[in-house]
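Visitor: Before we look at the chain together, could you walk me through it by question and answer, and explain the terms as we go?

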Amino acid sequence: MLVAWHIDRLTRRLTELEHLIEISQDTGLRIVTVTGDIDLSNDAGRLVGRILASVARGEVERKGARQKRAQQQAAQEGRPAGGRRAFGYESDGLTIRDDEAELVKAAYVDLLQGASLKSIAKRWNDAEMLTTVGNRWIHSTVRETLLNPRYAGVRTYRGEVVGPAVWEPLIDQDTFDAADALLRMPERLVTTGNARKYLLPGLALCWCGSDVTTGRTRHNKRTYNCRATKHLSRAAEPVDALIGGGEIDGVHVRGVVVERLSRPDASSLLTSCHAPEIDDLKAKAEAIRERIDNLATGLEEGILTLASARKASERLRAELDSIERRLQQATTADVLGPLVHAADVEEAWSKCDLRQRRAVIDTLMIVTLLPPPRGRRAFEPESVQIAWKDGRS
Ligand SMILES: [Zn+2]
């Protein structure tokens with residue numbers, strides 16, 4: 001005999017109930033319940049049993065639908081999803097946990113200035129913070145954490161952004177987008193962390209067209225080397241000084257950036273940029289992205305052939321590239337504006353951090369390093385070529 005408390009404790013699936021009934025008929029097993037007087041050994045008892053199991057099944061389904069609706073509603077209203085606690089917030093998903101939140105904020109800044117995930121993990125471990133499941137941090141858990149859109153105050157549902165969240169964000173959307181893009185770049189996975197300690201690596205070019213990296217001589221002098229082959233290796237400090245200011249052979253120089261931005265015509269570097277144009281370009285770029293998305297739908301629905309979709313997509317992407325280039329030029333004002341308008345350009349420059357300096361250099365010029373003349377000790381400014389991006393000399 002099989003005794004169950006109630007039929008819905010025994011099973012909530014009709015197919016399982018039928019299977020049990022079959023077993024009881026084949027073997028003579030008696031199935032009875034404590035609460036109801038159901039006995040599946042006779043046909044009246046089986047009828048009641050089937051009805052009760054069917055009701056129980058209906059309840060399960062209604063409960064599932066209710067939960068799903070509740071989750072969807074919570075998402076639409078921007079309320080937290082529940083589940084595992086997010087680092088930086090209490091388990092209500094709303095209250096900020098200050099010590100963790102400070103680390104998260106600092107991590108985004110560090111990341112965008114070139115810090116490695118490994119170094120961020122180390123910092124969090126050094127602060128004696130564990131993950132919300134109680135583990136020490138490693139680069140992949142830091143990465144996963146920083147990729148969470150909740151820190152920009154955005155609610156997602158099943159991996160899609162639904163809208164603004166009710167909790168207070170830790171960072172702004174632009175910071176998140178930049179970090180997100182950076183973390184999804186494949187080369188990010190191998191970046192070791194010292195790439196952004198200096199002014200020109202990845203920015204200045206070798207005469208062959210490859211970019212330069214930093215290295216050290218046997219005497220521990222910092223150098224710029226061609227990334228492609230070994231044909232260029234030259235002292236880095238005078239090059240940095242020539243561009244960004246400093247000492248060359250014992251003489252102080254202001255640097256070409258400060259020189260250029262101090263010229264009377266410096267504000268002309270900004271004139272091509274005004275906000276309405278930026279909005280216009282952004283709208284255009286958005287429209288093109290939408291058309292690219294529509295191609296995929298057209299392809300799925302069989303309206304377009306693969307060949308025609310590919311052709312149209314190539315054309316649209318080329319158009320998008322050119323608009324994004326113009327957009328980049330138009331945003332130049334954001335980078336140069338504060339310097340050009342400064343009363344003392346040299347002082348404003350000295351207050352910029354490395355990331356800002358690199359952005360300014362990238363906006364203004366292309367630096368190309370030639371091999372230094374052989375046998376000469378003194379620095380030759382001619383061996384550093386500067387091409388202004390606005391086409392002037
Ligand atoms: Zn080279």
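Guide: Helices and strands are taken as DSSP runs, of at least four residues for a helix (H or I) and at least two for a strand (E), and they are numbered from the N terminus. Please keep in mind throughout that this is a predicted model.

Visitor: With that numbering, in which helix does Asp-240 lie, and is Asp-240 buried or exposed?

Guide: Asp-240 belongs to helix 8, and beyond four places in sequence it touches Leu-199, Leu-200, Arg-222, Tyr-224 and Gly-245. Its relative accessibility is 12%, and since the limit for buried is under 20%, the residue in helix 8 counts as buried.

Visitor: Which residues touch the most other members of the largest nonpolar core?

Guide: This core holds 37 residues, and the elements that give two or more residues to it include helix 8 (237-244), helix 14 (354-364), strand 11 (365-369) and strand 12 (384-388). A second, separate core has 29 residues, among them Leu-103, Ala-115, Ala-121 and Phe-176. Within the largest core, the residues that touch the most other members are Ile-243 and Ile-361.

Visitor: Which residues is Ile-243 in contact with, leaving aside its neighbours within four places in sequence?

Guide: Ile-361, which shares with Ile-243 the role of touching the most other core members, is itself one of these partners. The full set for Ile-243 is Leu-199, Leu-200, Gly-255, Val-256, Val-257, Ile-361, Met-365, Val-367, Val-384 and Ile-386.

Visitor: In what order do strands 5, 11 and 12 form their open sheet?

Guide: Strand 5 and strand 11 pair in the parallel sense over two bridges, with Leu-205 opposite Thr-368 and Cys-206 bridged to Leu-369. Strand 11 and strand 12 are joined by five bridges and run antiparallel, and there Ile-366 stands opposite Ala-387. The edge strands, each pairing on one side only, are strand 5 and strand 12, and the pairing of the sheet is mixed, in the order 5-11-12.

Visitor: Why is strand 11 described as largely enclosed by the rest of the structure?

Guide: Helix 8 lies across strand 11 and strand 12, running at about 30 degrees to strand 12. Helix 14 also packs on this sheet, touching strand 11 and strand 12, with its direction at about 95 degrees to that of strand 11. Strand 11 is called largely enclosed because the number of its five residues that are buried is four.

Visitor: In what arrangement do the four donor atoms stand around the zinc ion?

Guide: The protein donors are Cys-206 (SG), Cys-208 (SG), Cys-226 (SG) and His-231 (NE2), at 2.1 to 2.3 Å from the ion, and in sequence they follow the spacing C-x1-C-x17-C-x4-H. The donor atoms subtend angles of 103 to 114 degrees at the zinc ion. Because four donors count as tetrahedral if all angles lie between 85 and 135 degrees, the arrangement is tetrahedral.

Visitor: How many residues apart are Cys-208 and His-231?

Guide: Cys-208 sits in the loop between strand 5 (205-206) and strand 6 (212-216), whereas His-231 sits in the loop between strand 7 and strand 8 (233-235). Cys-208 is partly exposed at 36% relative accessibility, and His-231 is partly exposed at 34%. The pair links distant parts of the chain, and the separation between its residues is 23.

Visitor: By how many degrees on average are neighbouring strands turned against each other, direction ignored, in the sheet of order 6-7-8?

Guide: The three strands of this open sheet pair in the antiparallel sense, with five bridges between strand 6 and strand 7 and three between strand 7 and strand 8. Thr-213 stands opposite Asn-225, Tyr-224 has Arg-234 as its bridge partner, and in the hairpin of strand 6 and strand 7 Asn-220 takes a positive phi near 65 degrees. With direction ignored, the average turn between neighbouring strands is 35 degrees.

Visitor: How far apart in space are Thr-305 and Arg-325, C-alpha to C-alpha?

Guide: Thr-305 lies in the loop between helix 10 (275-300) and helix 11 (306-330), and at 49% relative accessibility it counts as partly exposed. Thr-305 and Arg-325 are 20 residues apart in sequence, and their C-alpha separation is 30 Å.

Technical notes
Residues are numbered from 1 along each chain as its sequence is written. This is a predicted model: local features need pLDDT of at least 70, side-chain atom pairs count only at pLDDT 80 or more; totals for chains, interfaces and linings use all residues. Side-chain values use heavy atoms; hydrogens and water are left out. A nonpolar core is a set of buried Ala, Val, Leu, Ile, Met, Phe, Trp, Tyr and Cys residues joined through side-chain atoms within 4.5 Å. Buried means under 20% relative accessible area, exposed over 50%, partly exposed in between (1.4 Å probe, protein chains only). Contact means heavy atoms within 4.5 Å. Donors are N, O and S atoms within 2.8 Å of the metal (3.2 Å for Na, K and Ca); water is not among the atoms, so sites may look incomplete. Four donors count as tetrahedral if all angles lie between 85 and 135 degrees; four count as square planar and six as octahedral if opposite donors are over 155 degrees apart and all others between 65 and 115; anything else is irregular. Two strands pair if DSSP finds at least two bridges between them. Axes are lines fitted to C-alpha atoms, for helices over the stretch in contact, and angles run from 0 to 180 degrees between N-to-C directions.
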